[in-house]
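Work through the exercises below with the sequence and the 3D structure at hand. Each task is followed by a solution in steps.

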Amino acid sequence: MDGVLVHEGEALAGAREFLDALNAADRPFLVLTNNSIFTPRDLADRLQNAGLNVPEDRIWTSALATATFLEQQSEDRKAFVVGEAGLTTALHEAGFILTDDNPDFVVLGETRTYSFEAITTAVRLISNGARFIATNPDPTGPTPHGPLPGTGSVAALIERATRRSPYYVGKPNPVMIRHGLNKIGAHSETTAMIGDRMNTDILAGMESGLETHLVLTGSTSREEIGEYPYRPSYVHETIADVIELI
């Protein structure tokens with residue numbers, strides 16, 4: 001989503017035309033984001049404010065992927081959550097009880113108001129045997145004023161305190177991609193991943209067997225591509241350049 005369709009609340013060049021082309025060709029698609037703060041309804045509204053019409057059932061977040069994954073991991077479905085509405089709503093809808101009373105999981109997501117008390121509780125629960133899950137490994141998140149600590153940074157704090165490594169569900173984990181493919185009834189051999197980050201979007205697509213398209217309107221410059229030991233299938237200046245391939 002960010003860096004491909006929008007940047008700081010503004011639609012990027014070609015984004016509206018790209019979505020129109022997908023709909024005109026009746027191509028199933030998902031807009032992916034590692035952001036676990038917002039619900040799909042919130043994100044659909046934010047995209048609408050940028051002039052982009054994306055139904056909420058076409059938005060796939062790391063919070064939704066985490067809830068889908070955890071549904072298959074526990075029958076008791078009890079979790080202690082450090083996160084915001086996007087994550088707590090997804091887990092509630094998956095049938096989880098959110099509690100600090102002997103939970104199966106500690107689930108860490110992105111938030112702008114990390115509580116030292118909540119992190120301390122998470123450390124103690126993990127030390128006592130709760131399984132440690134994090135929505136995504138991103139060390140920072142973007143703001144108009146510069147980067148701020150992301151889920152991966154707070155997970156590192158908890159990992160250092162507990163000596164337990166989290167299982168990250170979001171990109172670049174192929175689990176997020178496979179669940180997304182199932183959601184739209186797609187197969188990896190006929191699906192493409194379009195993203196702006198080499199170490200999440202392109203890596204996730206590559207490891208899931210998807211054709212990968214890097215756009216240069218976000219986090220990765222053309223010069224930085226060579227720093228990675230893998231390559232995208234295609235490189236584009238903007239999402240507008242992908243329209244002719246639909």
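**Exercise 1.** Which side chains meet in a salt bridge with 3.4 Å from N to O?

The model is predicted, so local features need pLDDT of at least 70 and side-chain atom pairs count only at pLDDT 80 or more, whereas totals for chains, interfaces and linings use all residues. Residues are numbered from 1 along each chain as its sequence is written, and side-chain values use heavy atoms, with hydrogens and water left out.

Step 1. Apply the criterion: a side-chain nitrogen of Lys or Arg within 4 Å of a carboxyl oxygen of Asp or Glu. The side chains of Glu 56 and Arg 41 satisfy it, at 3.4 Å from N to O.

Step 2. Place the partners. Arg 41 belongs to helix α2, while Glu 56 sits in the loop between α2 (40–49) and β4 (59–61). They are 15 residues apart, and the pair links distant parts of the chain. Helices here are DSSP runs of H or I with at least four residues, strands are runs of E with at least two, and both are numbered from the N terminus.

Step 3. Classify accessibility, where buried means under 20% relative accessible area, exposed over 50%, and partly exposed in between (1.4 Å probe, protein chains only). Glu 56 has 37% relative accessibility and therefore counts as partly exposed. Arg 41 has 57% and so counts as exposed.

**Exercise 2.** How many salt bridges does the structure hold? Locate the remaining pairs.

Step 1. The structure holds 3 salt bridges.

Step 2. One of them joins Lys 171 to Asp 201, with the closest N and O atoms 2.6 Å apart. Lys 171 is in the loop between β11 (167–168) and α7, and Asp 201 is in helix α8 (residues 198–207), 30 residues apart. Are these two residues, Lys 171 and Asp 201, buried or exposed? Both Lys 171 and Asp 201 are buried.

Step 3. Another pairs Arg 222 with Glu 237, at 2.7 Å from N to O. Arg 222 lies in the loop between β13 (211–215) and β14 (234–236) and Glu 237 in the segment after β14, so this bridge ties together parts 15 residues apart in sequence. Arg 222 is partly exposed because its relative accessible area is 42%. Glu 237, at 44%, is also partly exposed.

**Exercise 3.** Describe how helix α3 and helix α7 are arranged.

Step 1. Fit the axes as lines to C-alpha atoms, for helices over the stretch in contact; angles run from 0 to 180 degrees between N-to-C directions. The axes of α3 (residues 62–71) and α7 (residues 174–183) come within 10 Å and cross at roughly 85 degrees.

Step 2. Angles under 35 degrees count as roughly parallel, over 145 as roughly antiparallel, 65 to 115 as roughly perpendicular, and the rest as oblique. Helices α3 and α7 are therefore roughly perpendicular to each other.

Step 3. List the contacts, meaning heavy atoms within 4.5 Å. From α3, Ser 62, Ala 65, Thr 68 and Phe 69 meet Val 175, Met 176 and His 179 of α7.

**Exercise 4.** Find the backbone exceptions around Pro 172, Arg 77 and Arg 163.

Step 1. Most residues other than glycine have a negative phi, and most peptide bonds are trans.

Step 2. The peptide bond joining Lys 171 and Pro 172 is cis, with omega about 15 degrees. Pro 172 lies in the loop between β11 and α7.

Step 3. Arg 77 has a positive phi, near 55 degrees. Arg 77 lies in the loop between α3 and β5 (78–82).

Step 4. Arg 163 also has a positive phi, near 60 degrees. Its place is the loop between α6 (151–162) and β11, and at 80% relative accessibility Arg 163 counts as exposed.
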